[in-house]
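This report concerns charged side chains and the contacts they form. Please read it with the sequence and the model in view.

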Amino acid sequence: MATEAEALTNDWGGGVHPYRVGHRKLGMWLFIMSDSLTFSALLMGYAYLRASNVWPTPFKFYPSIVFSSIMTLVLLSSSLTMVFAVSASAKRQLSAARKWIIATAVLGATFIVLHAIEWKHLIDEGLTPFALPHEWAEKWPGASPLFGATFFGITGMHMFHVFTGCIYLLVVAARVKKASHEDVEISGLYWHFVDLVWMFVFPLIYLLSIQA
């Protein structure tokens, strides 16, 4: 009976200590949980404002949605390169792990540049945190000026996470020969979290705001 129980726990992989986890990985999980609550509150606040006000739907399929879809593709690609980095680290192929981590950071930086271009375009049109462009105000009379505040607030918060993630990844890449596999795993956890958040931001803010 005892042997059967041992076989089960060994197959499961958690052994008899299911909560054994390194303190750094535990810290990252706790950070991710707390940050998830922050983004959840922001997105629920956005959804409430959107439902309770006249809300503009200014994004044309081309170029706005196509451009933001390219941004999404870049970010998803960075998740794939991060998977390759963690896999290479697990096999102790440290040079390959470093290359994949740097590739992930480069894709993250590309996402930021594309996002900055999008922001500049919207700001040039006249969108500010508390005012809509004149053309939008005419097209959607009575529309809430909070569109800009929520758009810049949520996407800016996400962009800040991508930026700090790029710095984090470059530090891990520089120390990859001294760092443990767990360090690479932890950086991967953070990066996948950042990508996952975008999977909620993109449909809620962009796809639901396609101009009819």
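## Salt bridges in the predicted model

The structure, which is a predicted model, holds four salt bridges. Three of these pairs are described below, including their N to O distances.

| Salt bridge | N to O distance |
|---|---|
| Arg24 and Glu182 | 3.5 Å |
| Arg24 and Asp183 | 2.8 Å |
| Lys120 and Asp124 | 2.8 Å |

The discussion begins with Arg24. This residue forms a salt bridge with Glu182. The pair links distant parts of the chain, since Arg24 belongs to helix α2 (residues 23-52) and Glu182 to helix α7 (residues 181-206), 158 residues apart. A salt bridge also joins the side chains of Arg24 and Asp183. Because Arg24 lies in helix α2 and Asp183 in helix α7, this pair ties together parts that are 159 residues apart in sequence. Arg24, Glu182 and Asp183 are thus linked in a network of salt bridges.

The surroundings of these residues may also be described. Arg24 has a relative accessible area of 41% and is therefore partly exposed. Asp183 counts as buried, because its relative accessibility is 14%, which is under the 20% limit.

The next pair lies within one helix. Lys120 and Asp124 meet through their side chains in a salt bridge. Both residues are in helix α4 (residues 94-125), and because they are four residues apart, about one helical turn separates them. Is each partner buried or exposed? Lys120 is exposed, with a relative accessible area of 52%, and Asp124 likewise counts as exposed, at 56% relative accessibility.

Key: Residues numbered from 1 in each chain as written. Predicted model: local features only at pLDDT ≥ 70, side-chain atom pairs only at ≥ 80, totals over all residues. Heavy atoms only, no water. Helix = DSSP H or I, 4+ residues; strand = E, 2+ residues; numbered from the N terminus. Buried < 20%, exposed > 50% of the residue type's maximum accessible area, 1.4 Å probe, protein only.
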